[in-house]
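Dear colleague,

I am passing on the structure we spoke about, and my notes on it follow below. Please read them with the coordinates open beside you.

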Amino acid sequence: MIPAELDIPPDWEELDLSELHGTLLVVGEPNAGKSSFSRYLYGRMNASRTRVALIDGDPGQATLGPPTTITLALKLDGVPPGEMPDSSEFVRRSFIGSTTPYRHMLPMLVGAARLVSAANQAGVETIVYDTCGLVQPDSGGLSLKQAKIDLLRPETVFAIRNGHELDALLRPLRRSRRTRLVELAPSEYARVRSMATRQAHRASQYRRYFSGSGVQRFNWSKLAVFPKPGFSPGRLVALEDRLGFTLALGVVVEVERTARQVSLLTPLPSPDGVDAIQIGDIIIDTGTFHDRIIS
Ligand SMILES: Nc1ncnc2c1ncn2[C@@H]1O[C@H](COP(=O)(O)OP(=O)(O)O)[C@@H](O)[C@H]1O
Ligand SMILES: [Mg+2]
């Protein structure tokens, strides 16, 4: 299903998808239209093939999961763009711990490897990988993108660019045979979203994600806590399974230090299967669902 409201520029339409397989990485600056293009590409591939997956690799303006996570999803046919697929579909999440990859680049790479390997194990043949917009050298974005390309060895990199803003990343790629590079212009409908719009979008995603949540108590002396039990009210955490996938997010509501008990607001119906708690670097106000980065 290709989103009806999407503008499809001619060079998108003219893409020959018959040769595409493996990992297809979509790069570009924030608001270039990476997520719109990724969903379009996924829709077209999915219409003609069976084993296609979409990975939402942006923990800030996430499309398939709550902010602070990156998500692998299969079978998005019934899921409108912008809505999170529910767990009845094949979904795997990896926790980044922040809404920006800045200072969280290792979890970005570990998560990328984990999700791609889960897709491969599920028999997926084509992965559309939508990345975050951090691409500039001074923010570390360039190194992150280069490392991700080195790690994932995408068959094709789709670069959406207006001018020369991706040159530092693309110049060596244009000369390399490691990956095929397809450069595309953004849609004229691509719109810059302000910081306030981005914050409001994240708040609405958290609100939806935590709606219907209950409070679960955990004794942290019985669980692994990474990196250490730095619980404080409002702190966002991930409840992880044995393989490190995110079962659910939680927000700390109460800490009883002597009893080593922490109460979390979480949509997870039962603590069964929780192997570890991963502490995030985000505080969430559970009234407004505004988030704040703490390191
Ligand atoms: N092809 C398109 N058709 C319609 N709207 C688009 C298109 N590309 C981008 N937009 C709009 O521009 C904004 C940024 O696009 P998005 O795909 O989220 O960019 P990115 O993922 O690169 O940050 C969004 O509001 C989106 O709806
Ligand atoms: Mg995006």
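Leu54 of strand β2 stands opposite Ala73 in strand β3, and this is part of an antiparallel pairing in which four bridges connect β2 with β3, the latter made up of residues 69-74. Please keep in mind throughout that the model is a predicted one. Strand β2, which covers residues 52-57, also pairs with strand β5 (residues 126-131), in this case in the parallel sense and over six bridges; within that pairing, Val52 has Thr126 as its bridge partner in β5.

As to burial, six of the six residues of β2 are buried. In a regular strand, side chains alternate between the two faces of the sheet. For β2 both faces are covered, with Val52, Leu54 and Asp56 buried on one side and Ala53, Ile55 and Gly57 buried on the other.

Further along the chain, strand β6 (residues 156-160) runs parallel to strand β7 (residues 180-184), and five bridges join the two. One of the pairs is Ile160 with its bridge partner Leu184 in β7. Between these strands the chain passes through helix α5, residues 167-175, and the resulting β-α-β crossover is right-handed.

The salt bridges deserve a separate paragraph, since a search of the whole structure finds eleven of them. Arg161 and Glu183 meet through their side chains at 2.6 Å, N to O; Arg161 lies in the loop between β6 and α5 while Glu183 belongs to strand β7, so this pair ties together parts of the chain that are 22 residues apart in sequence. Both partners count as partly exposed, Arg161 because its relative accessibility is 24% and Glu183 because its relative accessible area is 30%.

A second salt bridge is formed by the side chains of Arg174 and Asp167, at 3.6 Å, N to O. Here the two partners fall into separate classes: Arg174 is partly exposed, with a relative accessible area of 39%, whereas Asp167 is buried, at 14%, because that value is under the 20% cut-off for burial. These two residues also belong, together with Arg161, Arg171 and Glu183, to a network of salt bridges.

Which residue does the side chain of Asp150 meet in a salt bridge? The partner is Arg178, at 3.1 Å, N to O, and the pair links distant parts of the chain, with Asp150 in helix α4 (residues 141-152) and Arg178 in the loop between α5 and β7, 28 residues apart. Asp150 is partly exposed, with a relative accessible area of 41%, while Arg178, at 55%, is exposed.

Asp150 and Arg178 come up again in the cavity search, which, run over the whole structure, finds one cavity of 30 Å³ or more. The space in this largest cavity is about 30 Å³, and its lining consists of Ile149, Asp150, Arg153, Pro154, Arg178 and Thr179. Sorted by class, that lining has three charged, two nonpolar and one polar residue. The lining therefore includes both Asp150 and Arg178, whose side chains form the salt bridge described above, with Asp150 partly exposed at 41% and Arg178 exposed at 55%.

With best regards

Key. Residues are numbered from 1 along each chain as its sequence is written. Chains are lettered from A and ligands numbered from 1 in the order in which they are written. This is a predicted model: local features need pLDDT of at least 70, side-chain atom pairs count only at pLDDT 80 or more; totals for chains, interfaces and linings use all residues. Side-chain values use heavy atoms; hydrogens and water are left out. Two strands pair if DSSP finds at least two bridges between them. A crossover is right-handed if, with the strands pointing away from the viewer, the path from the first strand over the helix to the second runs clockwise. On a 1 Å grid over the protein atoms alone, a cavity is a set of points where a 1.4 Å probe fits but cannot get out, and a pocket is an open set with protein on both sides within 12 Å along at least five of seven lines; lining residues have an atom within 4 Å of a point. Grid points are joined across faces, edges and corners, and a volume is the space filled by probe spheres set on the points. Ala, Val, Leu, Ile, Met, Phe, Trp, Tyr, Cys and Pro count as nonpolar, Asp, Glu, Lys and Arg as charged, and the others, Gly among them, as polar. A salt bridge is a side-chain nitrogen of Lys or Arg within 4 Å of a carboxyl oxygen of Asp or Glu. Buried means under 20% relative accessible area, exposed over 50%, partly exposed in between (1.4 Å probe, protein chains only).
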